Amino acid sequence: MNWLRWIAAILVCGWLGQYALAMLVPHLVMERLYQKIGEAREPNQLNVTPRPDESSRWVVRPSPDLLYASCLYNLEQGPVLISAPVPERYWSMQFYQMNTDNFAGISNQREQRFRVGTRVEVTLIGPGADPAGYSGEVIQSPTTRGVMLLRASGIGDASLSRAAITGSSCAPL
């Protein structure tokens, strides 16, 4: 019967250990990303990255077919205005909280094709802010810190996509 207790203890420890890892690892990943991007830019500023190649690892395995820009946001001092022109080809603006959850996204695909040729202007507000106090497109972050990731197609003639990425901004309101 002693071996049954050992097996039960091992199973319980394994279950508790995998639960702790599942809760901890996403936060560690985002803290590392926040630190790496923070070396290039302060929070609430757009960071346009060079086109990824086989050695790029600022995010895990970035696609060489996409152009990237990111904005570490910190909403402790107030909202952030994110503005970006929307090109014809694939384009996406995604918002991630510090546990890697994607809580909002805007694109020019499918039901959002109407955005092509326009300029998206998003007011990103913190968890305690009242969305009714802001006009236009408002996204409420569930956390005060996180990452906004812009992606655009880099296949073929990427000049319009590159112009959309470099013509974007992220700044305190």
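In what order do the elements of the chain run from the N terminus on? In this predicted model, the succession is α-β-β-β-β-β-β-β-β-α-β, which amounts to 2 helices and 9 strands. Helix 1 covers residues 2-40, strand 2 covers residues 66-74, strand 5 takes in residues 102-107, and strand 9 spans residues 169-172.

A few totals help to set the scene for the chain. Of its 173 residues, 39% are buried. The exposed surface comes to about 9900 Å², with carbon and sulfur atoms supplying 59% of that area. Among contacts with a separation of 6 or more, 68% join residues that lie 24 or more positions apart.

One such link along the sequence is covalent, and it is a good place to look in more detail. The count of disulfides comes to 1, and the partners are Cys 71 and Cys 170, with their sulfur atoms 1.9 Å apart. This distance falls within the 2.5 Å cut-off, so the pair qualifies as a disulfide. The link between Cys 71 and Cys 170 is left-handed, with -40° about the S-S bond. Because Cys 71 belongs to strand 2 and Cys 170 to strand 9, the pair ties together parts that are 99 residues apart in sequence. Are these two cysteines buried or exposed? Cys 71 is buried, at a relative accessible area of 0%, and Cys 170 also counts as buried, at 6% relative accessibility.

Strand 5 offers a view of noncovalent packing through Phe 103, which has its place there. Which residues does Phe 103 touch once its neighbours within four places in sequence are left aside? The partners are Tyr 73, Phe 95, Tyr 96, Gln 97, Leu 124, Ile 139, Gln 140, Ser 141 and Pro 142. Taking Gln 140 as an example, its C-alpha atom is separated from that of Phe 103 by 9.0 Å, although the two residues are 37 residues apart along the chain. Even with these contacts, Phe 103 is partly exposed, with a relative accessible area of 23%. That value is not under 20%, so Phe 103 is not classed as buried.

Attention finally turns to the surface, where Trp 3, Leu 4, Ile 7 and Leu 11 form a nonpolar patch. Together these residues present about 430 Å² of accessible area. Leu 4, one of the patch members, is found in helix 1 and is partly exposed, with a relative accessible area of 39%.

Terms used: Residues are numbered from 1 along each chain as its sequence is written. This is a predicted model: local features need pLDDT of at least 70, side-chain atom pairs count only at pLDDT 80 or more; totals for chains, interfaces and linings use all residues. Side-chain values use heavy atoms; hydrogens and water are left out. Helices (H or I, at least four residues) and strands (E, at least two) are DSSP runs, numbered from the N terminus. Buried means under 20% relative accessible area, exposed over 50%, partly exposed in between (1.4 Å probe, protein chains only). Contact means heavy atoms within 4.5 Å. Accessible areas come from the Shrake-Rupley method with a 1.4 Å probe; for residues, only the protein chains shown count as cover. Patches are made of residues with over 30% relative accessible area and no salt bridge: like charges are joined within 9 Å, nonpolar side chains (Val, Leu, Ile, Met, Phe, Trp, Tyr) within 5 Å. A salt bridge is a side-chain nitrogen of Lys or Arg within 4 Å of a carboxyl oxygen of Asp or Glu.
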